[in-house]
Amino acid sequence: MLTLPIRAVEVGMPSNFDATASMLGYLFQARYALLDAVVRLHKDSVFTVAIETLDDVVFDTQGSATELLQAKHHLNSATNLTDASADLWKSLRIWCEGVTDGRWPDDTVFYLLTTGQAADGSVAAYLRAKTTRDVTKARQRLDSVAQSSTSTSNATAYAAYLALTQAQRETLLDRTVVLDRSPNIVGVETGMREALALAVEKDRVPQLITRLEGWWFQRVVRHLMDADKRPVLSEELQHEIDLIRDQFRSSNLPIDEDILSREIDEEAFSSYVFVEQLRLIDIADRRVLAAMRQYFRAFEHRSRWLRDGFLMAGDLDAYDRRLVEEWELHFDAMVDDLGNEEAEDAIRAAARRLYGWAEREAELVLRAGCREPFVTRGSLQLLADKVKVGWHPQFLERLTLTLEDA
C-alpha cells in the first residue's frame, strides 16, 4: 500500500484577485502535511518535515530527502490534469532542474497530488501508482508535448525537460507518482479521523483533531520563520499527540494553547466585580492584570470543557463549593485575628495576606491530573466576581456602596 506523502501547494491567483483559492491552497498544504505525518507515525518511522527547502515540502529519513512533493488544490474537483497542464509541467520543471543540478538522491520519489482528475490515456494516468501505470508511454507523450507545444507559460518547463537525456527522463518518471482525485481541504478531515481513530475514544476524535491542528499550524509558522529552516521532527508530533491524549483521560482535562496565549483587554475587565474587590484592598496593577488573565483562562477553559463534554455542570458546581469552603476557613481565621481592629490599613494588610493565599497557596484541583494553577486561581476570581468569596472583611458592604455609587 502506498504511503500517503506530504504535499506542497501552488495555487494561481484568479483574474478577479479573489484570494480564496490561494488561501485554501496553503491551508490544504498544511492540513495534508499533518495527515501524512500522522500516517507515517503508525509505521514507527523517524522522519523530519521541511518546507521551502529542497522543494516545497520534503520528507527526510536518515538524512536523505526520500520524497519531494507537490500538490494542486482546485475549488472545482472536475478539473482535468491534461498533458499540457500547468500543474503537471510546473512540477516537472522543478524536478528536472534538480536532476540536472544533481540535487536529488537516487532513491528520491516525486509525488504530484491533485484534487482534479487525470483522463484515461493521459500522461498523469500513466504515472498513477497502479492500474494504468506505463512510464514509457508517459515519457513518449511528454516528449511530444515538449517538442510541439507553443505554450509560452510552459516554455521553461519544456526546456528543463528536454535538457535531460531519454534515460534521465525515464528514470525521473519511474520515480514519479501522480495521485489524482484526492480529497479537497474539507475531505482531508475524514482521513484525519481515520488516522487518529484509535488514539482516543471515538467521541473525542474531533477535539483531538482540533487541538492537534492548532499546534501543527503554529509549529509550521515557526518553521517557516526560522532562518535556518530547522525541520519539524516526527518526535515532536508524537509528543504532542501523547500530550493531548493524556489530557483526554478521565482524570485529566485538556489545556489549550490558544487560550493561554491570547492577549487580554484590560479595559474590558476594568468594571468587573472581581477587579473592584482587588481595588478595595489596594492590590498593585500588575497583580490585578494577572488576576484578569487567570479569570479569562479559567472562564474560557471551563466553558470549553462543558461544551466539549469533558465536564458536566454538576462537576463545576461541586468544585466551586469546595473552593468556597476552603476560602471560608482562611477568611474566618483572618476575621478572628483582626478582632475589633478598626484601622483600615491593618484591615487591608490582612486582606492582602488572604489574597496572597489565593494567588500562591490555594491548590484545590478540579481533576487529579490537571494541576494548572490558573484553574484554581481563576475559579476563585470567578467566585469573587459573583461575590461568593471576597478578600476585605467587609467586602459585601463595601461592594454594595461602590457599585451603587457607580
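Just after helix H2, glycine 102 adopts a positive phi of about 70° in this predicted model. Helix H2 itself covers residues 86–101. With 16 residues at 1.5 Å a residue, helix H2 should span 22 Å, and its end C-alpha atoms are indeed 22 Å apart, so the expected and modelled spans agree. At the start of H2, the backbone nitrogen of aspartate 87 has a side-chain oxygen of serine 85 within 3.1 Å. Aspartate 87 is also one of the buried residues of the helix. The buried set in H2 further includes Trp89 and Trp95, along with Leu88, Leu92 and Ile94. Ser91, Cys96 and Gly98 are buried there too.

Aromatic rings offer a second way into the structure, which holds 18 aromatic pairs. In one of them, the ring centres of tyrosine 295 and phenylalanine 299 are 6.3 Å apart and the ring planes meet at 5°; because planes under 30 degrees apart count as stacked, this pair is stacked. Both residues belong to helix H13 (residues 285–307), where they are 4 residues apart, or about one turn of the helix. Tyrosine 295 has a relative accessibility of 9% and therefore counts as buried, whereas phenylalanine 299, with a relative accessible area of 39%, is partly exposed. Tyr295 and Phe299 also join Phe269, Tyr272 and Phe274 in one aromatic cluster.

Charged side chains meet aromatic rings as well. The charged end of arginine 169 sits over the ring of tyrosine 161, at 5.0 Å from the ring centre. Arginine 204 likewise places its charged end over the ring of phenylalanine 310, with 4.1 Å to the centre of that ring.

Notes. Residues are numbered from 1 along each chain as its sequence is written. This is a predicted model: local features need pLDDT of at least 70, side-chain atom pairs count only at pLDDT 80 or more; totals for chains, interfaces and linings use all residues. Side-chain values use heavy atoms; hydrogens and water are left out. Rings of Phe, Tyr and Trp (its six-membered ring) pair if their centres lie within 6.5 Å; planes under 30 degrees apart count as stacked, over 60 as edge-to-face and the rest as tilted. Helices (H or I, at least four residues) and strands (E, at least two) are DSSP runs, numbered from the N terminus. Buried means under 20% relative accessible area, exposed over 50%, partly exposed in between (1.4 Å probe, protein chains only). A charge sits over a ring if NZ of Lys or CZ of Arg is within 6 Å of the ring centre and within 35 degrees of the ring normal. The expected span of a helix is 1.5 Å times one less than its number of residues. A polar contact is a pair of N or O atoms within 3.5 Å; within protein, one must be able to donate a hydrogen and the other to accept it, and residues adjacent in sequence count only if both atoms are side-chain atoms.
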